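These are my notebook entries on a single structure. I set down what I looked up, entry by entry.

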Amino acid sequence: MMIKKSPWVSIFNSGGCKGCELECLMLISPKYDIERFGCLLKPSPRHADILLVTGPATKQTKDRLKKVYSQMAPNKRVLAIGACAVSGGIFRNAYNTDKGITNTVPVDYFVPGCPPKPEAIIHALLKVLGDLDGRKKSKVKKL
Ligand code: SF4
């Protein structure tokens, strides 16, 4: 797979237990080291191309998630990280959650697990990189 873009990645916790967030942070550890794929973790969504969202989107965090998404640059990608973000997980039937983040922001890839392994998150990131690569190629063909 040819990787032509080096996206910046931001993490947003929409009300999870922080287990998935910790797995996301493992991505920058020497063991997993996503910088070898060109990815760089950035705290600000304004600088990010890819948003990793953990947690089930609670009533408290839902509007913040929408705002964070709107602050990102065009051609953004969203990854739902963990069972909570995918479908609500253990909080699915709680009074204050939204059964996952799909009702709040558009999701490009789902990474199930409670929490998912860093390898699974890297797999989804590589899929996104492949998408970006493909889109760039098709644009070149049209010209
Ligand atoms: S999926 Fe599991 S580890 Fe991740 S936020 Fe939900 S409860 Fe925590």
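Entry 1, a loop threonine. I began with Thr-58 and found this residue buried, at a relative accessible area of 12%. The model is a predicted one, and I read every value below in that light. I placed Thr-58 in the loop that joins β3 (50-54) and α2 (62-71). I then listed its contacts, setting aside neighbours within four places in sequence, and obtained Ser-14, Gly-15, Asn-96 and Thr-97.

Entry 2, overall fold. I counted 4 helices and 5 strands in the protein chain. Following the sequence, I noted the order β-α-β-β-α-β-α-β-α. Of the 143 residues in the protein chain, I recorded 41% as buried. For the accessible surface I noted about 7900 Å², with 56% of this area belonging to carbon and sulfur atoms. I also looked up the contacts with a separation of 6 or more, and 80% of them join residues 24 or more positions apart.

Entry 3, ligand shell. Which residues are around the ligand? I listed Gly-16, Cys-17, Gly-19, Cys-20, Ala-83, Cys-84, Ile-90, Gly-113, Cys-114 and Pro-115. I sorted this shell into 7 nonpolar residues and 3 polar ones, and found no charged residue in the shell. Two helices, α1 (19-25) and α3 (83-87), each provide at least two residues of the shell. For Cys-84, a member of the shell, I noted a relative accessibility of 12%, so this residue counts as buried.

Entry 4, cysteines. How many disulfides does a search of the whole structure find? I recorded 0. I checked Cys-24 in particular: the closest cysteine sulfur belongs to Cys-20 and lies 6.8 Å away, which is too far for a bond, because a disulfide requires the two sulfur atoms within 2.5 Å. Cys-24 is itself buried, with a relative accessible area of 0%.

Entry 5, nonpolar cores. I noted as background that nonpolar side chains tend to be buried together in soluble globular proteins. In this model I found a largest nonpolar core of 18 residues, and the residues with the most contacts inside this core are Leu-27, Ile-50, Leu-52, Leu-79, Ile-81, Ile-121 and Leu-125. I traced at least two residues of this core to each of α1, β3, β4 (77-81) and α4 (118-142). The greatest contribution comes from α4, with 6 residues. I also found a second, separate core of 14 residues, with Val-53, Val-68, Val-78 and Ala-80 among them.

I then examined Ile-50 from the largest core. Leaving out residues up to four places away in sequence, I found that Ile-50 touches Pro-7, Trp-8, Val-9, Ser-10, Met-72, Arg-77, Leu-79, Leu-125 and Val-128. Two of these partners, Leu-79 and Leu-125, also appear among the core residues with the most contacts.

Entry 6, a loop phenylalanine. Is Phe-91 buried or partly exposed? I recorded Phe-91 as partly exposed, since its relative accessibility is 26% and buried means under 20%. I located Phe-91 in the loop between α3 and β5 (109-111). Beyond four places in sequence, Phe-91 touches Pro-56, Cys-84 and Thr-97. Of these, Cys-84 belongs to the ligand shell, and Thr-97 is also a contact of Thr-58. I last took the C-alpha to C-alpha distance from Phe-91 to Gly-55: 8.9 Å in space, at 36 residues apart in sequence.

Note on methods: Residues are numbered from 1 along each chain as its sequence is written. This is a predicted model: local features need pLDDT of at least 70, side-chain atom pairs count only at pLDDT 80 or more; totals for chains, interfaces and linings use all residues. Side-chain values use heavy atoms; hydrogens and water are left out. A residue is near a molecule or strand if one of its heavy atoms lies within 4 Å of it. Ala, Val, Leu, Ile, Met, Phe, Trp, Tyr, Cys and Pro count as nonpolar, Asp, Glu, Lys and Arg as charged, and the others, Gly among them, as polar. Buried means under 20% relative accessible area, exposed over 50%, partly exposed in between (1.4 Å probe, protein chains only). Contact means heavy atoms within 4.5 Å. Accessible areas come from the Shrake-Rupley method with a 1.4 Å probe; for residues, only the protein chains shown count as cover. A nonpolar core is a set of buried Ala, Val, Leu, Ile, Met, Phe, Trp, Tyr and Cys residues joined through side-chain atoms within 4.5 Å.
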